Amino acid sequence: MAFVCNWCTYAGADLTGTSRLRYAQNVRIIRFPCTGRIDFLLLQQTLAKGADGIIVSGCHPNDCHYTSGNFHARRRWMVFRQMLENLGVEADRVIFSWVSAAEGAKWADLVNETVESIRKLGPYQKYKDMAKSLEEWEVTHE
Amino acid sequence: MARIGVFVCHCGENISATVDCDRVAENAAGLPGVVHSVDYKYMCSDPGQTLIREAIREHRLTGVVVAACSPRMHEPTFRRACAEAGLNPFLCEMANVREHCSWVHEKTESTTQKAKDVVRMLVEKVKRNEALQPIKVPVTKKAVVIGGGVAGIQAALDIANGGHKVLLVEREPSIGGHMSQLSETFPTLDCSQCILTPRMVEVAQHPNITLWSYSEVIGLDGFVGNFTVKIRKKAKSIDEHLCTGCGLCTQKCPVRKIPSEFEQGLGTRSAIYTPFPQAVPNKPVIDKLNCTYYLKGRCKLCEKVCPTQAIRFDQPDELVEVQAGAIVLATGYDIKRADFFPEYGYGKYKDVIDGLQFERLASASGPTGGMIRRPSDGQIPKKIVFVACAGSRDPAKGIEYCSKFCCMYTAKHAMLYKHKVHDGTPYVFYMDIRAGGKDYDEFTRRAIEVDRTQYIRGRVSRIYEKDGKLIVVGADTLLGAQKVEIEADMVVLATASVASQGSEELAQIVHVSYDRYKFFSEAHPKLKPVETNTAGIFLAGACQAPKDIPESVSAASGAAAKVLGLFANDELTREPLIAAVNRMSPPQYSTCIGCFLCQPVCPYNAIEREEFKTRDGRLIKAVARINPGLCQGCGTCVALCRSKSIDLFGYSNKQIYTEVAALLDEALV
Amino acid sequence: MKLGFYPGCSVDGGSREYKESCRALAKAFDIELESVPDWNCCGASAAHNLNRDLALALPARILSLAEKAGMTDILVPCAACYNRLALTQHELMKDETLRNRISEVTGLGFKGSCSILNVVQWIQKYILPELPGKIIQPFDYRVACYYGCLLVRPHKVLKFDRPEDPQTMDEVMKLIGATPIDWAFKTECCGAGLSVSRTDVVADLSGKIVYDAFSRQADALIVACPMCHSNLDMRRPEINGYLKQKISIPVIYITQAIGMAVGISTKELGLHRHFVPVKLPEKTEAIK
């Protein structure tokens, strides 16, 4: 799952397409106005639903279309990473990056590298199982 | 109940070559809520759009998904088509199966599967879309042009002649930019200042143009049609209303040996100065870093001699805020200098100079009165070497691009030299000759054939000094890479053209993207060369990429045309994809708890305080409210809100979560 | 203080005064130089032209052995060895597959943890801090610092000094009281290995270097590479023949120059081994 900002990374991914650069297929992109919109509950839900990895990508620092959204995203990310580690979740499954609208090649590289490193980590069952077992517990203890 | 229509585009072969569009449409037809699913060769064409319009009417569609190119390409097109058929345009979404799918993957089963997935995600999203109405904002019909070179001047004149007010802000004491420093311009060899100064005067006298020189833009708030520009008017230390421009103060000033920026260090100026005689405005400024009064508290000679008592020591800088509807960036270029070329001795040897310095030598009002003289001893050089591509097209020096106009000005320099030094010999070391404009190639041939300039195809590896001469060591590749050594009297480097100093900082202030060379980024390299990704901010001239004068002037007029188009409406319609804090009936009024942690994070100060009071004025609750005129829809407050009381139209929590669920939930697959 | 040391073939053979001066200088500054155990030739002269794997394996083996011996900083006085070792480290750290393959060839693991220092970097890091207090006889002469081609290029890999007009040796010489001149042949080729096969070419190229330094009134040429030294010093008769002029300015290693400044004897510094006698002008005020 890739959560990207409209002004930079989405445009950069468009440029990858226009340049006909190939990359791994396992990514589905969801468009956001800004990485600042990304609530980390969303990332948790995504992992709970069974995503093996997540890419969050936005504008380079100082270049955010809305000035500071990417800074907020980054700050949240620091805390969220800590939280993931405390929960015993592999924080390496969530990749944070900056890709600008001119960096078509970088987007392709990012996807390929991420797919490879997630492949090494394997499919992500743990969180899903955790979430499922919680659901089941709730049902039986209704 | 949802009645979604899915339209899968082949885009000729662009999508259908790798994605099986038939099967994607078929698969979409089976999704819950989809009542109509077709595929077509060119969805964005007239017949394609007609298909959509008819389907909306026939099947009473409540939402549309077009699986095609990037929404950044055609979202407006399809939204317009829906609106024409009576469906709210914001109930239309695009699934990107071209740039993000067909163009980047091979023709396999999984590529088609990916396309199916993406369509499914957007179908689920569009089911949660809300019908939104565009927001109307007033437009301030005033433009601010940043930069007073030839591009800024042209843009200002065009906008002003179009009937609107312009504020031209220039950081130097005078407008004119680099063009005012040139001696003659190619390909006509027109005197540069002769053609520029009438325009400069026109700017100064135009009723619609306000000129603030010696001023800088330090902040920019707001959005298209409604900018607030913060400007620092640097203290000139004179009262402009009283000063007549007589120039007595500059003549009497005892501090005379400051290297002149206008003369590129080859001449000097005084501490109170106008940069050049034809300066507009022709009023001096005091250089506080070098003035004896500001440094030591003494002198004040200028004050004593000024016939109108116009000197104002201790005049403060003025900080002003101006409302504007559009901004034009025309900050121009600089050329690369000094320590960049240790192998050419630039900065070390006085007689190795750059192109702008040569212009000042050749200029009749320059430090040598128009005669080409060596800066070291004032002698007239009999052998002069021009090195083209000094720094450009060179990955090792970090500048990979071509600086575009140096081939032309090098030929011009060689010609000017030969016209002034009849018995001299000019040499040019070049890689290629780029002379693509009108009359340009004829011009360079003239330099070679008529003015007998020796063009040597090869690069210079080293320049060093020996017995008072500059030994230029290069190669002649047309003779099989033979080594060439020339004992030159003077060397002129055609150094790379780079973004003007301070470009990066300005780009960050106005929120415009820039590339790795700090040139401002255009919205689209082919089709939108004078717009930026930030609505309302336009580009003119060499600040976008190296340009010669005709191109800068064209770009400036282009930017002005965009501004005039913007000002043609009294109101701007804004996309309503903004955030809103929820409201509900009493007693809760809103789930917002009034913590206002959202307020400081909004880059546009769009979050206000709203108070709910009882009928007798007692405060019940204070909650946050987002100003729909200011909110730009970034969503930072949405993600930040602890009580999840804010949501973003177009990217609401429901919409996003269902997109994720649509992809990953096994139940739906 | 103990430091790794990779002597290489030249400083053990024809250029042993370089090693002698390094060791003498190290001793004067309480630095112990420990040679990389079981070191081998780095292949600088021919290997990279003949066989890529060999060209990488030879330096890789040296670095692996140094790592195993627990060395962190290694002084590599010969500029060619320095260049090969640094390039090899750069290549292997960039490409994991290559690194694994070369490790198989050497039979030793490779971590890339050593910091490879050329003689100027070594001086900057370990000698300069203590230097001011130890200068007995300032090296008050005009010097032409000759960097040669391998010390500062390729800049992207070595990341040392400026490739077009380097200044580090000049700065060091200034600190011991010398006046480095600004001259045109700082990084021009001396003829390198053609010393044996085409001595006439060396006479031409090195001749230009010597002549330029001489015509700008340099009292000595300062070098940091045994190959440079050999071409400028040992081949002086050929150079003089080419220039049709007898030029006697000596060629001194930078370690020797510093050694002279801190009072180490000429014998310990190996100055008597040079072909061109190390005779520096009497210090008078006339020297500008």
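Cys246(B) sits partway between hidden and open in this predicted model: its relative accessibility comes to 45%, so it counts as partly exposed. Cys631(B) is in no disulfide, and the nearest cysteine sulfur, from Cys637(B), lies 6.3 Å off. With a relative accessibility of 7%, Cys631(B) falls in the buried class.

Over all chains, the count of disulfides is 1. The bond in question ties Cys191(B) to Cys194(B), with an S to S distance of 2.5 Å. Cys246(B), by contrast, is in no disulfide; the sulfur of Cys249(B), the nearest from a cysteine, is 6.1 Å away. Back at the bonded pair, the torsion about the S-S bond of Cys191(B) and Cys194(B) is about 80°, which makes the disulfide right-handed. Cys191(B) itself is partly exposed, at 31% relative accessible area.

Next comes the interface. Chain B puts 50 residues in contact with 46 residues of chain A. Between the two chains, about 4,200 Å² of area is buried, and carbon and sulfur atoms supply 54% of that. On the chain B side, the residues that lose the most area to chain A are Arg72(B), His100(B) and Trp103(B), which together make up 15% of what that side buries.

As for charged and polar pairing, 5 salt bridges turn up across the interface of chain B and chain A. One of these links Arg28(A) with Asp117(B), whose closest N and O atoms are 2.9 Å apart. The same interface has 20 residue pairs in polar contact, counting pairs with both residues at pLDDT 80 or more. Several elements of chain B give two or more residues to the side that touches chain A, namely α3 (71–84), α4 (98–102), α5 (109–127), α16 (636–640), β34 (646–648) and α17 (653–664). Of these, α17(B) gives the most, with 8 residues. Sorted by class, the chain B side that touches chain A holds 21 nonpolar, 18 polar and 11 charged residues.

The backbone of chain B has some oddities too. Most peptide bonds are trans, and most residues other than glycine have a negative phi. Against that background, the peptide bond joining Phe186(B) and Pro187(B) is cis, with omega at about -5°. Pro187(B) belongs to the loop between β8 (184–185) and β9 (190–191) of chain B. Another cis bond runs from Val280(B) to Pro281(B), and its omega is near -5°. Here the proline, Pro281(B), is in the loop between β15 (272–273) and β16 (285–286) of chain B.

Positive phi values crop up as well. Ser237(B) is not a glycine, yet its phi is positive, at about 70°. This serine, Ser237(B), lies in the loop that runs between β12 (226–233) and α8 (248–252) of chain B. Ser237(B) has a relative accessibility of 0%, so it counts as buried. Asp467(B), also a residue other than glycine, has a positive phi near 50°. Its place is in the loop between β24 (460–466) and β25 (469–476) of chain B. Asp467(B) is exposed, with 75% relative accessible area. The two positive-phi residues thus sit in opposite settings, with Ser237(B) buried and Asp467(B) exposed.

Terms used. Residues are numbered from 1 along each chain as its sequence is written. Chains are lettered from A and ligands numbered from 1 in the order in which they are written. This is a predicted model: local features need pLDDT of at least 70, side-chain atom pairs count only at pLDDT 80 or more; totals for chains, interfaces and linings use all residues. Side-chain values use heavy atoms; hydrogens and water are left out. A disulfide is a pair of cysteine sulfur atoms within 2.5 Å. Buried means under 20% relative accessible area, exposed over 50%, partly exposed in between (1.4 Å probe, protein chains only). Contact means heavy atoms within 4.5 Å. Buried area is the accessible area (1.4 Å probe) that two parts lose on being put together, summed over both. A salt bridge is a side-chain nitrogen of Lys or Arg within 4 Å of a carboxyl oxygen of Asp or Glu. A polar contact is a pair of N or O atoms within 3.5 Å; within protein, one must be able to donate a hydrogen and the other to accept it, and residues adjacent in sequence count only if both atoms are side-chain atoms. Helices (H or I, at least four residues) and strands (E, at least two) are DSSP runs, numbered from the N terminus. Ala, Val, Leu, Ile, Met, Phe, Trp, Tyr, Cys and Pro count as nonpolar, Asp, Glu, Lys and Arg as charged, and the others, Gly among them, as polar.
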